[in-house]
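Open the model in your viewer and keep the selection panel at hand. Each stop below says what to select and what to look for there.

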Amino acid sequence: RPLRTGGHVAPRKGGGEAVGARGGACAVLKSLWGASAPMGCGCVAQHQAALSAAAPRHFLYNLTDRQFVQQLSPEDLKDKKLLLAYRHLHEDRGEGPFQVSPQLLELVRRRGVPQMYRWRVWKAVSGWGSLQKPGAWNRLTKQKPEAKVVDSIFKDLDRTFPNVEDFGDEKKQQLAGILQAFACLFPQVGYCQGMNFVAGFILRNSPDSSSEDSFFMLVQMMAKYQANLLFCDGLPLLKLYTFQFRTLLERLFPEVHRHFVQENITPELYVTKWFLTVFTQPLPFSVSTRLWDLIVCDGLQALVHLALASVKLLRSRLLRQPTEGILELLSLKGDIGLKAGGALVRIALGLKTTGPCGPGLDGRLSKLTVAWAREFPDEAEQLRRSCVDLCAEKPSLASASWTAEDSPTGRFRQEASSFSISGRLANLATGGRSAARSRAESSPPPGCVPAVGGAGANGAGRGRGSPLLPPM
């Protein structure tokens, strides 16, 4: 491949001596290619001097698979085949972005993402770039939410990953900045307990611990994946997911359900924490990242699948335990068999193709959404209003109806609508001079919940703990 250099190559002067960038470039060629380096440039003396002095500069060309494997650490060598699979899906096999394809999505679901590639894959699959607006972060950091929101954020900083060594004071200050910027962008949501773990987990995954990149990934998860609906007034999405989980637990694992009833164990006692922390706490980091690979691909509806998979994995032990033992197992703390997230993901994916619900599990979830809306119309209306205010613009009952025929991940049909968050970020980036709204993100991401009917989430500028979530 031709060598790329940025310098000017001057014509040769007497004695075969080269000036400008050519001599240095040829030295690099010699160090890379050895005796086979082209020698037609006339700078023989510089070639000879470079043999021992110049180090290889791999960024000037693409590594072969063999060279790529040779530079891996002993830890990375354990995932050599998986790393090569992702490398082959990468267009230039370099540092650029991944292109989303069916092959990439299937690989992420079935085998997970090596940490080396995880951040770039998450950004590609989630459509991170659609909401990343240069300048918006700097403007948001100059704003402050209400004092009670700031107080709530700082109260929870020391409770966030307290036993993680690399999450020290500097990371906690970064986390505070991210959560305050988010509260300024979404005053209707403000801050709710559980968001600290979601934002902190994202920050831990950012390769350079970039506050700005982590903030935009948080916005992606909260706005486009609609995790905002887990935390807004009334916690409407949490209630829907808990209803779905309770019904499917009785259907899929009736013996576990009966045992829980006998021991007075209700889903609210354990799934609340799973859902509001999006499975980031207290699982080991490697397990949580593997679960998030599935969530990034399939959307927040995967939370219900993963919750059911957790019960299936622990089923035999749960049936032998009294109340205290059940709650201890369901806390997901310590050595409970969740050392590898891949096993839990495989069970979750298997539930969609086997068992009493068979391949129609996702369809069953859609029907349960309709059943919940009929049984709890006020809460369904609250969910619809929150969805309008916090996630999308102008959905109507006609264009956003709850039907069992909707996509398996729980998306809702949306016509002539766009995510208002993109316009807000664009206005921030341009100092409020731009009123243009981006239409590129008009299709909701995986896991969007259906809208059901009214207008306006309330509770602006809240800073509070969830009434259902015990202190963490």
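**Start with confidence**

Select residues 1-60: pLDDT stays under 50 throughout this stretch, which has 51 contacts beyond four places in sequence in the model. Here pLDDT is the predictor's confidence in each residue, from 0 to 100, and contact means heavy atoms within 4.5 Å. Next, take residues 466-472, where the pLDDT is also below 50 and the model has 21 contacts beyond near neighbours in sequence.

This is a predicted model, so local features need pLDDT of at least 70 and side-chain atom pairs count only at pLDDT 80 or more, while totals for chains, interfaces and linings use all residues. Residues are numbered from 1 along each chain as its sequence is written, and side-chain values use heavy atoms, with hydrogens and water left out.

Now colour the protein chain by confidence. The average pLDDT is 75, and 66% of the residues score at least 70. Confidence is lowest in helix H2 (residues 44-53), with a mean of 39, and highest in helix H15 (residues 254-262), at 96. Helices are DSSP runs of H or I with at least four residues, strands are runs of E with at least two, and both are numbered from the N terminus.

**H5 against H6**

Select helix H5 (residues 80-89) and H6. Their axes lie 11 Å apart, at an angle of about 160°. H5 is therefore roughly antiparallel to H6. Axes are lines fitted to C-alpha atoms, for helices over the stretch in contact, and angles run from 0 to 180 degrees between N-to-C directions. Under 35 degrees counts as roughly parallel, over 145 as roughly antiparallel, 65 to 115 as roughly perpendicular and the rest as oblique.

Show side chains: Leu82, Ala85, Tyr86 and Leu89 of H5 meet Gln103, Leu104, Leu107, Val108 and Arg111 of H6. By class, this contact has seven nonpolar, one polar and one charged residues. Ala, Val, Leu, Ile, Met, Phe, Trp, Tyr, Cys and Pro count as nonpolar; Asp, Glu, Lys and Arg as charged; the others, Gly among them, as polar.

**H20 and its cover**

Go to helix H20 (residues 341-351). How many of its residues are buried? Eight of the 11 are, so this helix is mostly covered (buried is under 20% relative accessible area, exposed over 50%, partly exposed in between, with a 1.4 Å probe and protein chains only). Among the buried ones are Gly341, Leu344, Ile347 and Leu351. Add helices H6 (102-111), H14 (236-252), H17 (285-298), H18 (302-318) and H21 (361-375), which are included in what covers them.

**H10 against H12**

Select helix H10 (residues 169-185) and H12. They pack at an angle of about 45°, with axes 10 Å apart. H10 and H12 are therefore oblique to each other. From H10, Gln174, Ile178, Ala181, Phe182 and Leu185 meet Ser211, Ser214, Phe215, Leu218, Val219 and Met222 of H12. This contact has eight nonpolar, three polar and no charged residues.

Zoom in on Ser211, in helix H12 (residues 211-224). Is Ser211 buried or exposed? Ser211 is buried, at a relative accessible area of 16%. Not counting residues up to four places away in sequence, Ser211 touches Trp137, Gln174 and Ile178.

**Last stop: Arg204**

Select Arg204, in helix H11 (residues 195-205). With 18% relative accessibility, Arg204 counts as buried. Beyond four places in sequence, Arg204 touches Phe161, Val164, Asp166, Phe167 and Phe285. Draw a C-alpha to C-alpha line from Arg204 to Phe285: 9.1 Å in space, 81 residues apart in sequence.
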